[in-house]
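Here are a few exercises to work through with the model open in your viewer. Try each task first, then follow the solution step by step.

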Amino acid sequence: MNQPKIIEFPEIGNSMLGYIAVAENKDLPFEVKRIYWTYFTPENVERGGHAHRQLEQILIAVAGTIRIKLELPGGEKPEYILDRPDYGLYVPKMSWRSMKYSHNAVLLCIASTAFDEDDYIRDYETFLKEC
Ligand code: T46
C-alpha cells in the first residue's frame, strides 16, 4: 500500500519574472488520465467525506491555502496544509479525506483514472469495512 507524500515540482523562473511549475508523466507516480479543479468553495464548507477504491491523486493548492485530513487503511490520520503552488500531496487509493479551503483557494487535482462514481466510497462505515 502506497503512503501519502509531498511531491515537489520543478520550478522555472525568478522573482522578477514569476514562475512556472511543471508536472510531467515521467516524474509522477502514475499516468495522468484526468485533471480537475475546485474553486469558490466557501470557508465554512468542508468538502470530501469520501475515499476512492482505485483512484490515486496529486492535490495542489495552485492558489490559497487548503487543509487536508486523511484517514488511511491502517488507521493513521495525517494532516497537511497545502499553501505553495510548486508542491502537491500524493494521495493513494483507499484514503478517506476531508478538505477545507481559504476563500481564494483553487485545488488542482491530477488524477490516475477517468471519472467513475462507482469508484467513490461515500459512506464511512463502508470505508472501514473495505479497509
Ligand atoms: C476528490 C477531491 C479532492 C464529476 O462529474 N466529474 C469529475 O471528474 C469529478 C471530480 C466530480 N464530478 C461530480 C461528482 C459530484 O456530483 O462533481 C460533483 C462534486 O464532486 P465531489 O462531491 O466528489 O467533490 P469533492 O470536492 O468532495 O471531491 C473532489 C473529487 O470528486 C474527489 O475525487 O478526491 O475533489
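**Exercise 1: Thr 38 and its surroundings**

Thr 38 is buried, with a relative accessible area of 16%; buried means under 20%, exposed over 50% and partly exposed in between, with a 1.4 Å probe and protein chains only. Before going on, note that this is a predicted model, where local features need pLDDT of at least 70, side-chain atom pairs count only at pLDDT 80 or more, and totals for chains, interfaces and linings use all residues. Residues are numbered from 1 along each chain as its sequence is written, and side-chain values use heavy atoms, with hydrogens and water left out.

*Task.* Find the strand that holds Thr 38, and list the residues that Thr 38 touches, not counting residues up to four places away in sequence.

*Solution.* Step 1: Thr 38 belongs to strand S4; strands are DSSP runs of E with at least two residues, numbered from the N terminus. Step 2: the contacts of Thr 38 are Arg 47, Tyr 101, Ala 105, Val 106 and Leu 107, where contact means heavy atoms within 4.5 Å.

**Exercise 2: The sheet that contains S4**

*Task.* Work out the strand order of this open sheet and name the strands at its edges.

*Solution.* Step 1: the five strands follow the order S1-S9-S6-S11-S4, with antiparallel pairing; two strands pair if DSSP finds at least two bridges between them. Step 2: strands S1 (5-8) and S4 (34-39) each have a single partner strand, so one side of each lacks a neighbour in the sheet. Step 3: from one strand to the next, the twist averages 25°. Step 4: S4 and S11 (residues 106-111) run antiparallel and are joined by six bridges, with Ile 35 opposite Ile 110.

**Exercise 3: Strand S9**

*Task.* Are the residues of S9 buried or exposed, and which strands pair with S9?

*Solution.* Step 1: five of the five residues of S9 (residues 87-91) are buried, so this strand is largely enclosed by the rest of the structure. Step 2: Tyr 87, Leu 89 and Val 91 point one way, while Gly 88 and Tyr 90 point the other way. Step 3: S1 is joined to S9 by four antiparallel bridges, and Ile 6 stands opposite Leu 89. Step 4: S6 (residues 57-63) also pairs with S9 in the antiparallel sense over four bridges; Ile 58 has Tyr 90 as its bridge partner.

**Exercise 4: Another open sheet**

*Task.* Give the order of the sheet that includes S5 and S12.

*Solution.* Step 1: the order is S8-S7-S10-S5-S12, with antiparallel pairing. Step 2: S5 (residues 46-52) pairs with S12 over two bridges, and His 52 stands opposite Tyr 120.

Notes. Axes are lines fitted to C-alpha atoms, for helices over the stretch in contact, and angles run from 0 to 180 degrees between N-to-C directions.
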